[in-house]
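Subject: Structure handover

Hello,

Here is the structure I promised you. Please open it next to this email and follow along.

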Amino acid sequence: MYLTAHEEEMYDGEYGEAIEKSMKILVALGDIYGAEKMVEISSAQISGVSYKTIGDAGLEYLEEFSRDPSARVKVQSSLNPAGIDLEKWQELGFPREFADRQYRIIDAYTRMDVMNTCTCTPYLIGNIPTRGSHIAWSESSAVIYANSILGARTNREGGPSALAAAICGRTPAYGYHLDENRTANILVKVEEPIEGYEYGVLGYHVGKVVEDGVPSFQFHGRPSSDEFKSLGAALASSGAIALYYVEGLTSAIACEFEDKISVDSASLKDSVDELSTTNDKPDLICVGCPHCSLNEIRLLARYLRRQSLSCDFWVCTSHALKAAADRMGYSDIIEESGGVMVSDTCMVVSPIEDLGFEVVGVDSAKAANYIPSMCGVDVVFDDWKTLIEL
Ligand code: F3S
């Protein structure tokens, strides 16, 4: 793999141990995937934040790595959700020992100058790469949004490789960084108009059917950015998809269709049924997978005004958008109805299984897909209005 003189110096340890380690990770990855060179990146998004997912081994590694003075990010870098709401963890009932360890992880990233935004939707709060820019993002729902809607270029990084890329400002040029891997190869015709959470159902269905590749969708009408957020999250959770196109909205570099599928309401109905593990009433409803936009919070607040919720209800979002929702009065409306605004974490990466909940209602196909295995509790999947009225 070709390295510039500066990259070779990083590799040889001339700028410090953390940079050397990071460059070695990137070169090893590049060698595995046949990269010919590195590309400079403009942004990183780093997963591997929740103590629930990385445990003591991850915590100890990050603490030690972050103490090296050369472990400082070179580009705008933001964090995926943590395992707790960093402010309300006691009120929500998260165990103190878990919270203490979670704080140590956040402190390690903060030392490295990674912005502790703790969200899977960094593109809603200012980490917005421009079209064509190379980036290293690791949250799969954010990766697919960046590739498909923003037109940036990233592979599905793991937490360690995204951090290594952030420290070096480089990533190996393979996969979705190259034109030849961005060709649309599966045409997906959606036969009927769909809306809202149905985009997540569609993503789950298509991800399962095609598994990988680059789909190009034909829709009736124009999905909103929140609908793209649901579609991509689900595509990336049931399949290994990291890029899609939408005819008439985003243009593929090239189309060479090897397959064509059509999706009707019957196949979507089957997926809806498949995503629930029980018919029991939820004792917790969670919305915000991926994290809610301000507009989604606005719609929830409008619906919940003067309503009284009959079970626990979490609205998961970033700390930054919760602050905006507070200012608009949306948080007060949601909390007066019995809901809680939850920042920095979500229903999958927090230890909800330790809080006594047994059945969780979600309107996100990605969350419904992951909660049974990640949290060991039952899940009911439907749109949030139906869940509230169950
Ligand atoms: Fe985000 Fe958690 Fe869903 S990290 S995409 S809300 S599983």
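Below is what was found, going from the domains to the ligand and then to one residue.

Keep in mind that this is a predicted model.

Domains
The chain splits into three parts: domain 1 (5–178), domain 2 (183–271) and domain 3 (276–389). Take domain 1 and domain 2 as a pair. Their centres, taken over C-alpha atoms, are separated by 28 Å. The two domains touch: 14 residues of domain 1 are in contact with 17 residues of domain 2.

Ligand
Which pocket does the ligand take? The space it fills is the second largest pocket. Look for these residues around the ligand: Pro81, Cys120, Glu139, Ser141, Gly288, Cys289, Pro290, Cys346, Val348 and Lys366. By type, the shell has 6 nonpolar, 2 polar and 2 charged residues. Domain 1 (5–178) and domain 3 (276–389) each supply at least three residues to this shell.

Val27
Now find Val27. Helix H2 (residues 17–33) contains Val27. Is Val27 buried or exposed? Val27 counts as buried, because its relative accessibility is 10% and the cut-off for buried is under 20%. What does Val27 touch, apart from its neighbours within four places in sequence? Val27 is in contact with Met1, Leu3, Tyr11 and Met38.

Last, try a distance in your viewer. Pick the C-alpha atoms of Val27 and Asp264. These residues are 237 apart in sequence, and their C-alpha atoms are 45 Å apart in space.

Best wishes

Methods. Residues numbered from 1 in each chain as written. Predicted model: local features only at pLDDT ≥ 70, side-chain atom pairs only at ≥ 80, totals over all residues. Heavy atoms only, no water. Near = heavy atom within 4 Å. 1 Å grid on protein atoms, 1.4 Å probe; cavity = no way out; pocket = protein on both sides within 12 Å on 5 of 7 lines; lining within 4 Å. Sits in = over half its atoms within 2 Å of the grid points. Nonpolar A, V, L, I, M, F, W, Y, C, P; charged D, E, K, R; others polar. Domains from an automatic or database assignment. Helix = DSSP H or I, 4+ residues; strand = E, 2+ residues; numbered from the N terminus. Buried < 20%, exposed > 50% of the residue type's maximum accessible area, 1.4 Å probe, protein only. Contact = heavy atoms within 4.5 Å.
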